[in-house]
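Biologist: I would like to learn how to read the features of a model like this one. Could we go through them one at a time?

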Amino acid sequence: MNAPDWAAIRKEFPTLAKWTYLDCARKTIPPRCQEQALLDYTRDVYENAGADAWSAVNVSETRAAMAQLLGAKPTEIAFTKNTTEGLNIAAHGFDLRPGDNVVLSDLEHVANVWVWKHWEAKGVELRYARNREGRLPLDAFLEQMDARTRVVSTAYVTYGNGYRVNLPELGRACRSRGVRLVVDGVQGIGILAARLDALGADVIACGGHKGLLGLTGSGIVYCREDLVNALRTDFVKQPAVEPAGRARVQSQFDYVRTAHRFEGGNPNFLAIRVFRKGAEFLRAVGLDRIEHRVRVLTTTFLGLLKAAGLDSQTPDVWEERAHIVNVLVPDAAQLMERLRVKHRVVANVKDGALRLSMSFYNNEEDLERAVHAIRQELGGKPAPA
């Protein structure tokens, strides 16, 4: 694998000139191509009255670009406003009955709990796979599943300690039992190179503001092609059966037998334009190279933490992690603020631990700077586990 010029790529992210940004698990920092997309959109509205900015052709071409990048068919991709909306489509789309159960995990972001809670009032039980010291192996899900399990919904990569669920393995187990697999993919997509259609999931939701280099308020939902018409969609039209049931002009408002039927009304044209530029940028770098770079950086960072006497709950094995590494420190929220104000190091706090997340635009100097700043704020002493 030929390594890209990471130093040149880093220059495409102006924020890094002034900040050590290790918080891509919360929000991406924009590359220059995002700025160009915003300028192009505005210029077209000013000069051409939106002929290109509001074009259905652009929406279609962006859908195709996103599908090519992520490993899916364009008919399996719908644009949403965030991860939660995609999960909500799935959580209201299945025909569940009293006595059925849905299995989640106890490491889910609250968004992947809220969207399923409405089923409890209808007699559907919510169960939770219990983590094993921060891990969610297959057995954790299997022990909660039985003959009445209809759906398993889990994060691809957990938001706290960054554990990566073995989705292909879980997907095979679900299929053999006739169970649907729904995935919160926002912490893995754009970072990991696996194709969406190879993960074994039925529905995958992903916001655009992390690995996909998009805007907040944008996202996608992937729905496996042969399931598209089985999902209930109360808030938009049902798929057209006959040509007579379709609009007279083919456009983004034609609800045909594709995942596009999950989109209601006008799309976010600006965000979709940014998506396209981001997809082109990511394809130029290569998701396989991005994953390899993140693997190198996280491995390096875990080594630096150990050398500094700092503990993490993030697994050492690459197949069990992605871009997130957490650090066990006292008063993590206060430390996060001091790192930002005094050292210009941007991190986050999740589940009481300091969470640092790195992308392909980071470098080893960022990691060394962050560890040095943490040790300095802790008084040079190892943090208690």
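Modeller: What follows goes from a sheet to its helices, then to a helix pair, two single residues and a last strand. Keep in mind that this is a predicted model.

Biologist: Start with the sheet. How many strands does it have, and in what order do they stand?

Modeller: The sheet is open and has 7 strands, in the order β2-β8-β7-β6-β5-β3-β4. The pairing is mixed. From one strand to the next, the twist averages 20°.

Biologist: Which strands stand at the edges?

Modeller: The edge strands are β2 (77-80) and β4 (125-129). Each has a single partner strand, so one side of each lacks a neighbour in the sheet.

Biologist: Take one pair from the sheet. In which sense do β6 and β7 pair, parallel or antiparallel?

Modeller: Strand β6, residues 180-184, pairs with strand β7, residues 203-207, in the parallel sense, over 3 bridges. To find your place in that pair, look for Val 183, which stands opposite Ile 204 in β7.

Biologist: Which helix packs on the sheet and touches β5 and β6?

Modeller: That is α7, residues 167-176, which touches β5 (149-155) and β6. The direction of helix α7 makes about 155° with that of β6. Another helix to look at is α4, residues 83-91, which lies across β2, β6, β7 and β8 (219-223). Helix α4 runs at about 160° to β7.

Biologist: Now β3. Is this strand mostly covered or mostly uncovered?

Modeller: Strand β3, residues 101-105, is mostly covered, with 5 of its 5 residues buried. Read the two faces separately: Asn 101, Val 103 and Ser 105 are on one side, Val 102 and Leu 104 are on the other, and all are buried.

Biologist: What are the bridge partners along β3?

Modeller: β3 and β4 run parallel and are joined by 5 bridges; in β4, Tyr 128 is the bridge partner of Leu 104. β3 also pairs with β5, again in the parallel sense, over 3 bridges. In that pair Val 102 stands opposite Val 151 in β5.

Biologist: How do I describe two packed helices?

Modeller: Two packed helices are described by the angle between their axes and by the distance between those axes. Here, α10 (residues 332-343) and α11 (residues 364-377) pack at an angle of about 115°, and their axes are 10 Å apart. The crossing of α10 and α11 is right-handed.

Biologist: Which residues of α10 and α11 meet?

Modeller: On the α10 side they are Leu 335, Arg 338, Leu 339, Lys 342 and His 343; on the α11 side, Ala 373, Ile 374, Gln 376 and Glu 377. By class, the contact of α10 with α11 has 4 nonpolar, 2 polar and 3 charged residues.

Biologist: Let us turn to single residues. Is Gln 187 buried or exposed?

Modeller: Gln 187, in the loop between β6 and β7, has a relative accessible area of 6%. The cut-off for buried is under 20%, so Gln 187 counts as buried.

Biologist: What does the side chain of Gln 187 reach at 2.9 Å?

Modeller: The side chain of Gln 187 reaches the backbone oxygen of Ala 25 at that distance. A polar contact of 3.1 Å also joins the side chains of Gln 187 and His 323. Leaving aside neighbours within four places in sequence, the residues in contact with Gln 187 include Val 157, Tyr 159, Lys 210, Ile 324 and Arg 355.

Biologist: And Arg 340?

Modeller: Arg 340 is in helix α10. Its relative accessibility is 38%, so Arg 340 counts as partly exposed. Not counting residues up to four places away in sequence, Arg 340 touches Trp 19, Val 345 and Val 346.

Biologist: Which strands pair with β12?

Modeller: Strand β9, residues 324-327, pairs with β12 in the antiparallel sense over 4 bridges, and Leu 354 in β12 is the bridge partner of Val 327. Strand β11, residues 348-350, pairs with β12 in the antiparallel sense over 3 bridges. There, Asn 348 has Arg 355 in β12 as its bridge partner.

Biologist: What do β11 and β12 form together?

Modeller: They form a hairpin with 2 residues between them, and Asp 351 in the turn has a positive phi of about 55°. As for cover, 5 of the 5 residues of β12, 353-357, are buried. Ala 353, Arg 355 and Ser 357 are on one side, with Leu 354 and Leu 356 on the other.

Conventions. Residues are numbered from 1 along each chain as its sequence is written. This is a predicted model: local features need pLDDT of at least 70, side-chain atom pairs count only at pLDDT 80 or more; totals for chains, interfaces and linings use all residues. Side-chain values use heavy atoms; hydrogens and water are left out. Two strands pair if DSSP finds at least two bridges between them. Axes are lines fitted to C-alpha atoms, for helices over the stretch in contact, and angles run from 0 to 180 degrees between N-to-C directions. Contact means heavy atoms within 4.5 Å. A crossing is left-handed if the near helix is turned anticlockwise from the far one by less than a right angle, and right-handed if clockwise. Ala, Val, Leu, Ile, Met, Phe, Trp, Tyr, Cys and Pro count as nonpolar, Asp, Glu, Lys and Arg as charged, and the others, Gly among them, as polar. Buried means under 20% relative accessible area, exposed over 50%, partly exposed in between (1.4 Å probe, protein chains only). A polar contact is a pair of N or O atoms within 3.5 Å; within protein, one must be able to donate a hydrogen and the other to accept it, and residues adjacent in sequence count only if both atoms are side-chain atoms.
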